[in-house]
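Student: I would like to learn how to read a structure feature by feature. Could we take one case and work through it?

Tutor: Yes; here is the case.

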Amino acid sequence: EAEKKEEAQMSVPDKDGTVYAVQFLVSSKKLKEGDEKFLGMESMSLQSGALYKYFLCPSGDVSIPLSKLEQIRQNYPDAFIVKIKEGVATIYKNSK
């Protein structure tokens, strides 16, 4: 069975291709779509070497993930906002 590398969903980027999301989990295990860890929210993932980084509420508008951050932190206290551009996630401002 060929393993397909998940690509970041870029269906909602802003005008320069940037997506903002809440990073809540890094794991060596690939989670299935709809896993309960996603809290029923829209999700995406990026593979970085042997690790998978998981994100919730991806959007080209940073206010969307910002509005969900506190709710997500009820389950994942260390969650933070990232800016994803060209497949690279960086911490957004002081959201950590």
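Student: Which residues are exposed on the other side of helix 1?

Tutor: The model is a predicted one. On that side of helix 1, Ser67 and Glu70 are exposed. The buried residues of helix 1 are Pro65, Leu69 and Ile72. Seen down the helix axis, these buried residues fall within an arc of 90 degrees, so they line one face of helix 1.

Student: What covers the buried residues of helix 1?

Tutor: The cover includes strand 1, strand 3 and strand 4. Helix 1, residues 63-73, packs on the sheet and touches strand 1, strand 3 and strand 4. The direction of helix 1 makes about 120 degrees with that of strand 3.

Student: Where does the helix come in the order of elements, from the N terminus on?

Tutor: The elements run β-β-β-α-β-β. That gives one helix and five strands in the protein.

Student: In what order do the five strands form the sheet?

Tutor: First the general idea. Strands of a sheet pair through backbone hydrogen bonds, and the pairing is either parallel or antiparallel. In this structure the five strands form an open sheet in the order 2-3-1-4-5, with antiparallel pairing. Strand 2 and strand 5 (88-91) stand at the edges and have a single partner strand each, so one side of each is left without a neighbour in the sheet. From one strand to the next, the twist averages 40 degrees.

Student: How many bridges join strand 1 to strand 4?

Tutor: Five bridges join them, and the two strands run antiparallel. In this pairing Tyr20 stands opposite Lys83 in strand 4. Strand 1 is also joined to strand 3, by six bridges, again antiparallel. There, Val26 stands opposite Lys53 in strand 3.

Student: And how many bridges join strand 2 to strand 3?

Tutor: Six bridges join strand 2 to strand 3, which run antiparallel. Ser48 stands opposite Leu51 in strand 3. The hairpin of strand 2 and strand 3 has two residues between the strands, and Gly49 takes a positive phi near 65 degrees there.

Student: Is strand 3 mostly covered or mostly uncovered?

Tutor: A general point helps in reading any strand. In a regular strand the side chains alternate between the two faces of the sheet. Strand 3 is mostly covered, with seven of its nine residues buried. For the protein of 96 residues, buried residues make up 38%.

Student: Which residues other than glycine have a positive phi?

Tutor: Leu39 is one of them, with phi near 55 degrees. Leu39 lies in the loop between strand 1 and strand 2, and at a relative accessible area of 29% this residue is partly exposed. Glu86 also has a positive phi near 55 degrees. Glu86 is found in the loop between strand 4 and strand 5 and counts as exposed, at 74% relative accessibility.

Student: How many aromatic pairs does the count come to?

Tutor: A pair of aromatic rings is described by the distance of the centres and the angle of the planes. Rings pair if their centres lie within 6.5 Å, and planes over 60 degrees apart count as edge-to-face. By this rule the count comes to five aromatic pairs. The rings of Phe24 and Phe38 have centres 6.1 Å apart and planes at 80 degrees, so this pair is edge-to-face. Phe24 is in strand 1 (residues 19-27) and Phe38 in the loop between strand 1 and strand 2 (43-48); the pair links distant parts of the chain, 14 residues apart. Phe24 and Phe38 are buried.

Student: How far apart are the ring centres of Phe38 and Tyr54?

Tutor: The centres are 5.8 Å apart and the planes are at 45 degrees, so the pair of Phe38 and Tyr54 is tilted. Tyr54 is in strand 3 (residues 51-59), 16 residues from Phe38, and this pair too links distant parts of the chain. Both Phe38 and Tyr54 are buried.

Student: Which residues form the aromatic cluster?

Tutor: Phe24, Phe38, Tyr52, Tyr54 and Tyr76 form one cluster.

Key:
Residues numbered from 1 in each chain as written. Predicted model: local features only at pLDDT ≥ 70, side-chain atom pairs only at ≥ 80, totals over all residues. Heavy atoms only, no water. Phe/Tyr/Trp six-rings, centres within 6.5 Å; stacked < 30°, edge-to-face > 60°. Helix = DSSP H or I, 4+ residues; strand = E, 2+ residues; numbered from the N terminus. Buried < 20%, exposed > 50% of the residue type's maximum accessible area, 1.4 Å probe, protein only. Pairing = 2+ DSSP bridges. Axes fitted to C-alpha atoms, helices over the stretch in contact; angles between N-to-C directions. Contact = heavy atoms within 4.5 Å. Arc of directions from axis to C-beta.
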